[in-house]
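Please open the model in your viewer and keep the sequence beside it, since this tour moves from one selection to the next and says what is found at each stop.

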Amino acid sequence: MASVCFYFQAHQPFRLRHYTVFDKDKNYFDDHKNAQICRKVAHKCYLPANRLMLENIRKHNGQFKIAYSITGTLIEQLKEYAPEVLSTFHALAQTGCVEFLAETYYHSLSALYSRDEFYQQIEKHCNAMEELFGQRPRVFRNTELIYSDAVARMVESMGRFDGIITEGADHILGYRNANFVYRPNGCEHLKLLLKNYQLSDDIAFRFSNRAWAEWPLNAEKFAHWVNNVNGSGYTVNLFMDYETFGEHQWADTGIFDFMSHLPECILRHPDNNFKTPSEVIDSYPVADTIEVPNLISWADTERDLSAWLGNPMQSNALYQIHRLEDRIKNTGDEELLELWRKLLTSDHFYYMCTKYFADGDVHKYFNPYDSPYDSYINFMNVLDNLSGRAAKADFAQEIAEMASMPSAAKSQVQTV
Amino acid sequence: MLKTEDQQNGNKMNVLMLGWEFPPFISGGLGTACYGLTKAMDQLGVNITFLLPRVIDDSCTSHVRLISPQAKNTYEWQENSKYASEKLKNVKFRTIDSPLQPYDTPEVHQQRLEQIIERKRLMRQGIGQKSVSSPKDSQTNESAKGGDNYGRNLHEEVHRYAEMAADVAASEHFDIVHAHDWMTFPAGIAVAATTHKPLVVHVHSTEFDRSGEHVNQIVYDIERKGMHAADKVIAVSNLTRNIVIDRYGVTPEKVEVVHNGVQRDERWQLVETGIEADEKIVLFLGRITMQKGPEYFLQAAKKVLEAVDNVKFVMAGSGDLMHRSVQLAAELGIGHKVLFTGFLRGDDIKKIYQMADLYVMPSVSEPFGIVPLEALGNDVPIIISKQSGVSEVLMHALKVDFWDVNEIANKIVAVLKYPPLQITLRNYGNFEVRKLRWGNAAIKCINVYKSMLQPA
C-alpha cells in the first residue's frame, strides 16, 4: 500500500521598499511591487493550479487529495490584490479533499527565538484557517520545515496538533526511509511525517532540467517510481512550494499536464491512493522514534539553517529584531506589532544570504535586492526606524500610566 | 594537468609586448597591470619580449642592469630588487631611446593637459570670476582646442616611438604583437605591418574614461585606429568592451574581456600604526580628477554628517580637482570633517588603510580599478560605483551609481552604524579578492593568442 500525500506551501512575503537611513516615515513596504508580484503569481500559478486541482478532485470523485499551507502574509496580500484566488481556495476547501495545515502566520523563524511569539503566530494562523476554510488545522509545519526534537516538543505541548512535518533528511533517517510515520523524540502524541525529498524534488526542482537523465518526466514514469515504494513504506510525502506550478516550473515545461495526468496514473495501481497528512497520521502506526537533536530545514543541499543564519548580518538582524519583542508588545500598539511581525518573515533574512554559488539560483526567486548587503542595509534601516517608534510609544505609554496613577504613587515612581 | 598543457602550449608562444611603464618604474595602474599579466604569463611558460620607452632614473637604476648596445637596451632583474623574489624567467626587456616622457601614462598626460587647459581658462576668465565651471560649460570646448597643440606634440612623439619599435622588432623573434593602451598602438600597428604578425591591442582605459565627453580627438583617433587595425582587442571589463564597441565602432566578435587580477605582495601584511581613532574614517584614495568623482564623495559626506557625527572623510591623492575639492568641502560647510593628505606612497598608504573603516570609489568611469582590490586586501570594506569594471568581478562590495549621492551616503552610514555589515564585507571581500588571480587573466590572454594563431 502506498499513499501519496501532497502538501503545497504557498507563501509571499511583504517585501520592503527601498528605505534609507534618511527616511523617517512608516511606509516600510513596497506596495506596488508586492501587488505586482502577487498578481503575477496569481495568474501564472495560484489560479491555474487551483483550477487544475479542483478538476482533478472532481474527475476522480474525491480520490485525489491534497493539503496546503498558506501563510498569513500571502492571505493578506491575496485579499488585497487577488481575491479571486481566495475564492478558489475556498472552493477547494469545500470539496472535503483538501486539508489546510498550520504554521506561523508570518512565516517566521520565531521557533528559534521566542516561544511566546511562536505560539501567538500559530494561534493567529489557526484562527485564520478556521475563519477562511472552516477547518481547525491538525498538522503543523514550521517555516521552511525547520525542525528539531525541541521544536516538536514545543508544538506538542500546545495540545492542539496530531502531527508535524519536516524534511526527510538522510542524516536523521540513517538506515530508515521517509515513507513511514514516525514519532518525534520526546513526544507522546505527535506523529512525524517526513518529506520524500527524492521524489518531491524530481517534480519541484528537476522537472524541467534537460541535463537530468530522467528528463522529460511524465506522469507514467513518476507513478512507476511511486509504485516501487510498495513494500518499503506506507506513504510517499510529496512536499513542495506551490509556486512550483507555473512559477518555478513554467507552464511550457508541461508541469500542469504532468499534474493533471498524475492522479489517474497513480490510481491505476490498485494498492495506491491519495491521503492528506491527517489521514496518513490516522491510518498508519508509528514505525520508530526519530531523534533530531540539531535544527534541520528543507533548504539547499545542507538541510540546515545557513540560508537564514549563515553570516553575521543575518544573525545580527534576527537578534536585533527579536530583542524588540517585549518593547513592542509593551506598547500595546497593534499597528507597531503588525509592522514588527511583518519584519519577522524569514524571506527578509534569506535575502541576506551570501552563500551564492551552489544554491544561489533558488535564492534569486523574487529577491528584490541586487545583493545580500543591500538587503541587510535596507532591513536594518527599517528596523532602526521601528525601534525608534517603539521607544517613543513606550515612553508615551509610561507617561500615560503615570498620569492615571494616584498622586502618591506618582511621586514614588519619580523618586525611584 | 591543465597547467602542464598550458605550459606546453605556452612554451611554443613568443610574444612581443609593447608597454609604457613597468615596475619599479610605474606611476599608475597600467604598469601594475602589465607587471601582473607578464609575470603570470611568464609562469605559464610564454616567452615575452617587453618593449618600453627608455627609462633612466637614478633612484631606480640599482634595481636593474642596463645593457645599452647603441640605442637598444636590455634590462635584467637584480637580486636586490623589490621584485627579485618573482624572477621572470622567460621575459626579456628592451627599451627604446625615445624623446618620450617615460611617465607619460595617458592619465598623467591628460592630467597635465587639463591643468594647462584650466590655467588658460582661468587666465581668460580673469581673476574676478571665481565661479567653478563644470566641464560641460562652453568655455571648456574652446579651451579644449588649446589642448590640441599639446596632443599633437605627443602625437608626433608616439609615432616616432612606433618607427623605432618597428626597427627593434626586426631583430626579435615572436608570434604575436600585444600593445598596451593607446600610446603603444601606433607602434603595434607598425610592428605588425612590417613583420606580418597578428596584433592584439589591450585597452586598459579609453579617452572617454579619462576625459568624459570632452575627448581629445587625436588620442581618440589613435585609439580607434589601433582597435580597428588589431586582430583582437582585449578590454579590461565589460564596461570597457561596451565603450570599445559603441564609441569606437569595433565589431563585437573582435573584443574579448580579460579582467585584471590582483598582485599579492608584502603590502598586504598588517603594520602597527599605533593609531587608535575614536572617530570613524571614510577614505577616498586616488587621483582627485573628474574621472574619480571627488565631488560625489563630498556631497555624500555632507549627507552622512546629517546622520552620523563621529566620522572624518580622508581624501588621499592629488589631481587637478584637488583645489576645487577643498573649496567644495568648505562651501558645503564640512571643511573641518574632510582631510586632504596629498599624494601618498609606501608606508603611508598602509597606514591609511589601517585607519580606514571604509573605502569609497565613486568613479564616474573606471575601466577596471585596482585600488578597491588593494583596499579589500588590506581588510577595508569598499563601496564602488557601478560604473567600474571592478564591480563586474566583486560580489562582496557595496555598489552604487556614482551620481546617487543619497544612496552613497545611505551605504556609508550603514557601514558605520551596523558593525556586522563591516565585518561581513571585510571578511568575505578579503577572501574574494584572493581569488582574483593574474593567472586567470594570463590564461585568457593565451587563449586569445591561440585563437589568432590557429584560425578556425
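A residue counts as buried when its relative accessible area is under 20%, as exposed when that area is over 50%, and as partly exposed in between. Keep in mind throughout that this is a predicted model.

**First stop: charged pairs inside chain A**

Select Glu167(A), which has a relative accessible area of 0% and is therefore buried. Now add Arg303(A) to the selection, and you will find the two joined by a salt bridge whose closest N and O atoms are 2.9 Å apart. Glu167(A) belongs to strand β5 (residues 163–167) of chain A, while Arg303(A) sits in the loop between β10 (286–290) and α11 (306–309), so the pair ties together parts that are 136 residues apart in sequence. Is Arg303(A) buried or exposed? Its relative accessibility is 14%, so Arg303(A) counts as buried.

Keep Arg303(A) on screen and select Asp201(A), a residue of helix α7 (residues 197–204) of chain A. Once neighbours within four places in sequence are set aside, Asp201(A) is in contact with Lys195(A), Arg206(A) and Arg303(A). Asp201(A) counts as buried because its relative accessibility is 7%.

Next, select Glu117(A) and Arg341(A), whose side chains meet in a salt bridge with 2.8 Å from N to O. This pair links distant parts of the chain, for Glu117(A) is in helix α4 (residues 115–133) and Arg341(A) in helix α14 (residues 334–342), 224 residues apart. Glu117(A) is buried, at 0% relative accessibility, and Arg341(A) is buried as well, with a relative accessible area of 9%.

**Second stop: a pair within one helix of chain B**

Move to chain B and select Glu207(B) and Arg210(B), which form a salt bridge with their closest N and O atoms 3.1 Å apart. Why are these two residues separated by about one helical turn? The reason is that they stand three residues apart in helix α6 (residues 207–211) of chain B. Glu207(B) counts as buried at 1% relative accessibility, and Arg210(B) counts as buried at 4%.

Returning for a moment to chain A, select Glu117(A), Glu325(A), Lys329(A) and Arg341(A) together, because salt bridges that share partners join these four into one network.

**Third stop: an enclosed strand of chain B**

Select strand β6 (residues 176–180) of chain B, where five of the five residues are buried, so that the strand is largely enclosed by the rest of the structure. In a regular strand the side chains alternate between the two faces of the sheet. Colour Ile176(B), His178(B) and His180(B) on one side of β6(B), then Val177(B) and Ala179(B) on the other, and you will see that both faces are covered, with all of these residues buried.

Which strands pair with β6(B)? Strand β1 (residues 14–18) of chain B pairs with β6(B) in the parallel sense over four bridges, and here Leu16(B) has Val177(B) as its bridge partner. Strand β7 (residues 199–203) of chain B also pairs with β6(B) in the parallel sense, over four bridges, and His178(B) stands opposite Val200(B) there. Add helix α5 (residues 185–195) of chain B to the view, and β6(B), this helix and β7(B) make a right-handed β-α-β unit.

**Fourth stop: the nonpolar cores**

In soluble globular proteins, nonpolar side chains tend to be buried together. Select Phe379(A), Phe313(B), Ile412(B) and Leu421(B), which touch the most other members of the largest nonpolar core, a set of 76 residues. Helix α17 (residues 372–404) of chain A gives this core its largest share, 10 residues. Leaving aside neighbours within four places in sequence, Phe379(A) is in contact with several residues, including Leu16(A), Ala317(A), Ile321(A) and Met352(A). A second, separate core of 70 residues includes Phe50(B), Ile176(B), Met227(B) and Tyr449(B), and you may recognise Ile176(B) from β6(B).

**Last stop: where the two chains meet**

Show both chains and select the contact between them, which takes 23 residues from chain B and 20 residues from chain A. Together the chains bury about 1900 Å², 66% of it on carbon and sulfur atoms. On the chain B side, Met395(B), Asn410(B) and Tyr418(B) lose the most area to chain A, together 30% of what that side buries. How many salt bridges cross this interface? The rule finds three. To finish, select Lys386(B) and Asp370(A), whose side chains meet in a salt bridge with 3.9 Å from N to O.

Key. Residues are numbered from 1 along each chain as its sequence is written. Chains are lettered from A and ligands numbered from 1 in the order in which they are written. This is a predicted model: local features need pLDDT of at least 70, side-chain atom pairs count only at pLDDT 80 or more; totals for chains, interfaces and linings use all residues. Side-chain values use heavy atoms; hydrogens and water are left out. Buried means under 20% relative accessible area, exposed over 50%, partly exposed in between (1.4 Å probe, protein chains only). Contact means heavy atoms within 4.5 Å. Two strands pair if DSSP finds at least two bridges between them. A crossover is right-handed if, with the strands pointing away from the viewer, the path from the first strand over the helix to the second runs clockwise. A nonpolar core is a set of buried Ala, Val, Leu, Ile, Met, Phe, Trp, Tyr and Cys residues joined through side-chain atoms within 4.5 Å. Buried area is the accessible area (1.4 Å probe) that two parts lose on being put together, summed over both.
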